[in-house]
Amino acid sequence: MSGFVYSEKPIRIESGEDAYLYDDSGDEYLDFGASYGVAAVGHCHPEVVEAVRSQVEKLTFVQASYPNSARDGLYDKLAAVAPGDLENVWLCNSGTEANEAAIKFARSATGDSKIVAAQRGFHGRTMGSLAATWKPKYKKPFEPLASDFEFVPYGDRQALEAAVDDETAAVLLEPIQGEGGVNPAPEGYLNAAREVTEETGSALILDEIQTGLGRTGALWACEKRGVVPDVLTSAKGLGGGLPVGATLCADWVAENAGPHGSTFSGGPVVSAAAEATLSVIAEENLPENAAEVGDRLQSKLRGSDAPIRAVRGEGLLLGAEVKRGANRILKELAMNHGILALPAGRTVVRLLPPLTVSEAHADEVVAALESVLAGAET
Ligand SMILES: *Cc1c(COP(=O)(O)O)cnc(C)c1O
């Protein structure tokens with residue numbers, strides 16, 4: 001018996017609570033990667049667990065063509081928290097599906113096909129989203145992918161303006177590139193993307209699968225920049241641990257979105273989990289906590305004597321650029337300090353913890369990282 005896609009780590013995780021995971025011998029790990037950002041409200045949040053428990057007993061599933069109060073509850077909640085007027089909601093099961101739908105809707109609504117995306121961007125691994133993903137290693141073995149995708153250097157306003165024309169269906173960007181090394185959009189970049197897409201009648205799609213739901217200190221990263229896209233995608237932490245993705249669309253996109261569908265779209269159990277997750281984010285002021293703890297992490301890392309070349313990011317999406325391989329550092333953090341984090345490329349240690357973490361957690365992680373980096377120097 002064996003899975004084959006992931007190279008597995010030598011720790012068996014069997015339970016979790018808030019920011020902690022526990023292995024099969026009961027050893028505790030502080031999960032500063034939030035399991036790819038999924039545990040945004042922490043592992044097994046009691047409100048999410050209760051919402052799932054009661055919904056699974058009442059109605060586990062009904063197809064999306066029958067209105068249902070769990071699904072409607074999530075539609076309403078997402079529409080209420082969406083930036084601007086992005087009140088039209090498509091529900092799916094993952095980030096890549098949310099982007100896949102965004103690309104289809106934008107092509108259908110504009111009648112154009114070209115998608116402009118960014119170098120070092122990451123949007124998922126299905127054929128359409130993968131075509132919008134930059135890293136050649138992820139794409140080469142699977143070509144040909146969906147066509148008519150063009151890449152521009154992330155953050156270069158002139159290059160973006162030159163690439164977007166009347167045949168452009170959409171510009172697809174992350175407000176802060178996550179997998180690509182934690183690169184925040186420079187000042188004015190998303191505003192420029194907003195302006196040029198308005199001029200050409202193209203859709204601006206912002207992928208907030210990693211940046212959304214409070215992680216950067218605001219519910220959506222685009223709010224901090226004063227930009228409302230035509231389409232916004234969310235997933236990862238949205239279901240509080242259950243698989244949910246959402247594509248939020250402006251009216252003009254939704255009105256001509258074209259035929260689309262998915263059997264599991266907005267099942268009652270995942271909808272109940274996501275609605276509870278959104279409530280927890282608001283009730284516990286998690287965006288504010290992400291801003292505060294993130295600032296402390298960032299200033300401690302910047303002030304550190306450890307060999308950290310650069311610190312990038314916002315809120316609780318932070319990358320520390322190191323000299324040596326990030327994977328070796330991550331392994332030592334896990335095995336010697338009980339702290340789990342993520343890489344973002346070969347030389348960036350990415351901190352993406354639950355939004356519930358405290359300043360004490362932040363201090364613990366900085367101290368552990370300093371200790372590991374001091375050892376790596378010798
Ligand atoms: C993780 C991620 C995706 C893909 O989400 P999956 O659920 O793994 O398909 C897409 N875009 C961004 C920005 C991500 O961080």
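**View 1. L213, in the loop between β10 and α9.** In this predicted model, L213 sits in the loop that runs from β10 (203-207) to α9 (221-224). Look at the backbone here: phi of L213 is positive, about 65°, although the residue is not a glycine. The side of the story about exposure is short, as L213 has 4% relative accessibility and so counts as buried.

**View 2. V182, another positive phi outside glycine.** V182 is found in the loop between β8 (176-177) and β9 (183-184). Its phi is near 60°, again a positive value in a residue other than glycine. Is V182 buried or exposed? With a relative accessibility of 0%, V182 counts as buried.

**View 3. The cis peptide bond at P144.** Zoom in on the loop between α6 (136-139) and β6, where P144 lies. The peptide bond joining E143 and P144 is cis, and omega comes out at about 5°.

**View 4. The seven-stranded sheet.** Seven strands make up an open sheet with mixed pairing, and the order to trace is β4-β12-β11-β10-β7-β5-β6. At the edges are β4 (88-92) and β6 (149-152), each of which pairs on one side only. Going from neighbour to neighbour, the strands are turned by 20° against each other on average, with direction ignored. Helix α3 (residues 69-81) packs on this sheet and touches β4 and β12 (245-249). The direction of α3 makes about 125° with that of β4.

**View 5. β5 next to β7.** Strand β5 (residues 114-118) and strand β7 (residues 168-173) run parallel, joined by three bridges. To find your place in the pair, start at K114, which stands opposite T168 in β7. As a reminder, strands of a sheet pair through backbone hydrogen bonds, either parallel or antiparallel.

**View 6. The β2-β3 hairpin and its link to β15.** Strands β2 (residues 20-23) and β3 (residues 28-31) pair in the antiparallel sense over three bridges. Within this pair, L21 stands opposite Y29 in β3. The two strands form a hairpin with four residues between them, and G26 in the turn has a positive phi of about 85°. β3 also pairs with strand β15 (residues 339-340), this time in the parallel sense and over two bridges. There, D31 is the residue opposite L340 in β15.

**View 7. Around the ligand.** How many residues surround the ligand? The count is 13, and the closest are G95, T96, D207, Q210 and K236. Now for a few atom-to-atom distances. A ligand nitrogen is 2.7 Å from an N or O atom in the D207 side chain, and an oxygen atom of the ligand is 2.6 Å from an N or O atom in the side chain of K236. The backbone joins in too: a polar backbone atom of F122 is 3.3 Å from a nitrogen atom of the ligand.

**View 8. Cysteines without a disulfide.** Searching the whole structure turns up zero disulfides. Why does C222 not form one? Its closest cysteine sulfur, in C249, is 14 Å away, too far for a bond. C249 has a similar tale to tell: the closest cysteine sulfur to its own is in C92, 11 Å away, and that is too far for a bond as well. Both residues are tucked out of reach of solvent by the numbers: C222 is buried with a relative accessible area of 0%, and C249 is buried with 3%.

Technical notes: Residues numbered from 1 in each chain as written. Predicted model: local features only at pLDDT ≥ 70, side-chain atom pairs only at ≥ 80, totals over all residues. Heavy atoms only, no water. Pairing = 2+ DSSP bridges. Axes fitted to C-alpha atoms, helices over the stretch in contact; angles between N-to-C directions. Contact = heavy atoms within 4.5 Å. Disulfide = S-S within 2.5 Å. Buried < 20%, exposed > 50% of the residue type's maximum accessible area, 1.4 Å probe, protein only. Near = heavy atom within 4 Å. Polar contact = N/O pair within 3.5 Å; in protein donor to acceptor, adjacent residues only side chain to side chain.
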